[in-house]
Amino acid sequence: MSVIAFRPRSPRHGVPDAEAAHPAVFGTFRSPTGGTGRLTGSMRVLRLVLGPHGAFVTGVVTGAMREDDGTLIGVESRRATVRADLVRDDGAFRPWVRPFELDLMGIAVDVAAFPVEPALALPRRRPATPAPHPVRHPSHLGLAP
């Protein structure tokens, strides 16, 4: 399984502001009064995990839950690992988080699909990895016969 860590990048790395690190999240839920409520917030993306069963994005979803008339129900955060699709976009692969259901304050929220900034998903190339340390024969430990 491959894991690609997401790290906030400074403006010199091409990400102009912190919004790139926190994609907007929107959702709907059945409010306690019986109407339809709305979730607006963001996801602090921690990492993209690539495995044999597909791609997943792990992060913390934080959002404000409001009634349809705008009355605040509450603000909640929850860690989530959700499925994502890698979509080719402008020469890079952009992770699109699939729609998912999230339990916030005991209320099931249906979160809509949203994209994640590709600069965070695909880190820049690093310099070549240095050669590994030479493997020594166990005789250097004085254990050889």
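**Close-up views of salt bridges, a buried threonine and model confidence**

**View 1. Arg78 and Glu76 form a salt bridge.** Arg78 is partly exposed, with a relative accessible area of 37%. The model shown here is predicted. Glu76, the partner of Arg78, also counts as partly exposed, at 22% relative accessibility. Glu76 clears the 20% cut-off for buried residues, so its 22% places it in the partly exposed class. The closest N and O atoms of Arg78 and Glu76 are 3.9 Å apart. Side chains of opposite charge can pair when their charged atoms come close.

**View 2. Arg98 pairs with Asp85 in a salt bridge.** Here the closest N and O atoms are 2.7 Å apart. Arg98 sits in the loop between strand E6 (92-97) and strand E7 (100-104), and Asp85 is in strand E5, so the salt bridge ties together parts 13 residues apart in sequence. Both residues are partly exposed: Arg98 has a relative accessible area of 31%, and Asp85 is at 32%.

**View 3. Asp68 and Arg38 form a salt bridge.** The closest N and O atoms are 3.9 Å apart. This pair links distant parts of the chain, 30 residues apart. Asp68 lies in the loop between strand E4 (54-66) and strand E5 (72-89). Arg38 belongs to strand E3 (residues 36-51). Asp68 is exposed, at 56% relative accessible area. Arg38 is partly exposed, at 41%. The model has 3 salt bridges by the rule applied.

**View 4. Thr58 is a buried residue in strand E4.** Its relative accessibility is 4%. The cut-off for buried is under 20%, so Thr58 at 4% qualifies. The side chain of Thr58 makes a polar contact with the side chain of Thr81, at 3.1 Å. Beyond neighbours within four places in sequence, Thr58 touches Met43, Arg44, Val45, Leu46, Arg47 and Val49. Arg79, Ala80 and Thr81 are also in contact with Thr58.

**View 5. Confidence varies along the chain, from strand E1 to strand E8.** The mean pLDDT of the chain is 78. Of its residues, 66% reach 70 or more. Among the elements of the chain, strand E8 (residues 107-111) has the highest mean pLDDT, 96. Strand E1 (residues 2-5) has the lowest, 54. Over residues 8-19, pLDDT stays under 50. For that stretch the model has 10 contacts beyond four places in sequence. Where pLDDT is low, the predicted coordinates should not be read in detail.

Key
Residues are numbered from 1 along each chain as its sequence is written. This is a predicted model: local features need pLDDT of at least 70, side-chain atom pairs count only at pLDDT 80 or more; totals for chains, interfaces and linings use all residues. Side-chain values use heavy atoms; hydrogens and water are left out. A salt bridge is a side-chain nitrogen of Lys or Arg within 4 Å of a carboxyl oxygen of Asp or Glu. Helices (H or I, at least four residues) and strands (E, at least two) are DSSP runs, numbered from the N terminus. Buried means under 20% relative accessible area, exposed over 50%, partly exposed in between (1.4 Å probe, protein chains only). pLDDT is the predictor's confidence in each residue, from 0 to 100. Contact means heavy atoms within 4.5 Å. A polar contact is a pair of N or O atoms within 3.5 Å; within protein, one must be able to donate a hydrogen and the other to accept it, and residues adjacent in sequence count only if both atoms are side-chain atoms.
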